[in-house]
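Trainee: Could we go through this model together, taking the questions one at a time?

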Amino acid sequence: MITQLITTASAPSTESGPYVPLIFPGMIAPTHASAAPAAGGPSSGGSGTPHGAPGGVDGSGGLPLSRGGGGGGGGLPPGRGGSAPDFSLTPGTLNMHLVINYAKFSDIKVWMEATSVVSLLFSADAQEVNTYTKKLQERAIKYGWGHPLANILTIPDANGINKSLLTDYGQLTTKDIRNHSVTYVANNSRQAQNNMQFYHCQLVSMTESAQIKTLTKSDTYHIYGTPSGALLFKLLMQKAIVDTRATATMFRDDLSSLDAYASSVNSDIASINQCVKLNYKGIKARGERCDDIMSNLFKGYLCITDKDFVSYIKLKKNEYDDGADLSPERLMQLALNKYKILTTKEMWGAPSSKEVQITALSAQVQGLKDSNLRTLSFRSISETHGTGMWC
């Protein structure tokens, strides 16, 4: 696979003209008409390639995003080639001011890692949205998709207010995302390369059913024939959760009915918490407040059938009412921890001491009733037999 990519991706042309970076490894670089400067030419920074080397993210030579002037101008940026290495937190965010050179093996490795499947295959199901977006956020940090020099994830809405695509997707319209994407998808830029990484990462991280859902709408996430990772993400969110104000109302209704949901899942705290997170994030993604989440959480937890768990939640509610600093996330974690402790010790759903006493007394009363019935039945039989004998 790697060999094929290396073969397919042309090295920078030796003919004159501005170097055009490869947007992805399989893309063929265009050719030009005349010879390029010789290796190690004047002002080339020793790179031997036009405008300071079409290198890549590994720091061994790269093309500045802003290519200006001729005559070999540009060269290596300050600090390149010196004793101190260029700093980056991850290999994928090294030299974000340069385009990636997919003619180089080291940069092809960046492509392969950036576009590999995330740990969750997304089926465009609402229950998976939180986990899927979190995995994409982790990938974005690692490969600089939201880096200020090549950002494709911060998008202005219709009012010019910047929103994060991965968390505020409900506040961005398809038009907002298209207007932003059109500014870079067809350019020879790091943004365009980030877009292609983002797109292919999502493409391989979908189940077959999710791919079927999106293929019929491929025109909605292509711009002049070029795929847009941001538009594909928006479409996936629309398939998983309908982005309307009515949906936010639906989320609120689900939270307010948490007690009924708790009963439907047999008081499983993990399932209850997942339901809360899904609905809460759905409300927040649409830019709306959710001030009643704590009251809904307590309402749902207090309907749990386990007495020890309910006593624990009552204690936490009293602390919260007295002004304790308790966030929804913290309360859900405490509830889950208590649930795990009780289930591990096989105490979940166990009757209380009073219930044990009541059960024992009920058994004694029932035993006395059964004994009295047997005695009465015996007397009745004896009397009947006795009457028959005297007759």
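Trainee: Which residues of helix 10 are buried?

Mentor: Bear in mind throughout that this is a predicted model. A residue counts as buried when its relative accessible area is under 20%. By that criterion, the buried residues of helix 10 are I269, I272, N273, C275, V276, L278, N279, G282, I283 and A285.

Trainee: How far apart are the end C-alpha atoms of helix 10, and what span should its 17 residues have?

Mentor: Helix 10 runs over residues 269–285, and at 1.5 Å a residue its expected span is 24 Å. The expected span agrees with the separation in the model, because the end C-alpha atoms of helix 10 are also apart by 24 Å.

Trainee: Is L121 of the nonpolar surface patch buried, partly exposed or exposed?

Mentor: L121 is found in the loop between helix 2 and helix 3, and together with V117 and V204 L121 makes a nonpolar surface patch of about 230 Å². Since its relative accessible area is 44%, L121 is partly exposed.

Trainee: What kind of aromatic pair do F122 and Y132 form?

Mentor: The structure holds 10 aromatic pairs. In the pair of F122 and Y132, the rings lie 4.2 Å centre to centre with 5° between the planes, and the pair is stacked. F122 lies in the loop between helix 2 and helix 3 and Y132 in helix 3, so the pair ties together parts 10 residues apart in sequence. With planes under 30 degrees apart counting as stacked, the F122 and Y132 pair is stacked.

Methods: Residues numbered from 1 in each chain as written. Predicted model: local features only at pLDDT ≥ 70, side-chain atom pairs only at ≥ 80, totals over all residues. Heavy atoms only, no water. Helix = DSSP H or I, 4+ residues; strand = E, 2+ residues; numbered from the N terminus. Expected span 1.5 Å × (residues − 1). Buried < 20%, exposed > 50% of the residue type's maximum accessible area, 1.4 Å probe, protein only. Patch = residues over 30% accessible without salt bridge, like charges linked within 9 Å, V, L, I, M, F, W, Y side chains within 5 Å. Areas by Shrake-Rupley, 256 points an atom, 1.4 Å probe, with all protein chains shown as cover. Salt bridge = Lys/Arg side-chain N within 4 Å of Asp/Glu carboxyl O. Phe/Tyr/Trp six-rings, centres within 6.5 Å; stacked < 30°, edge-to-face > 60°.
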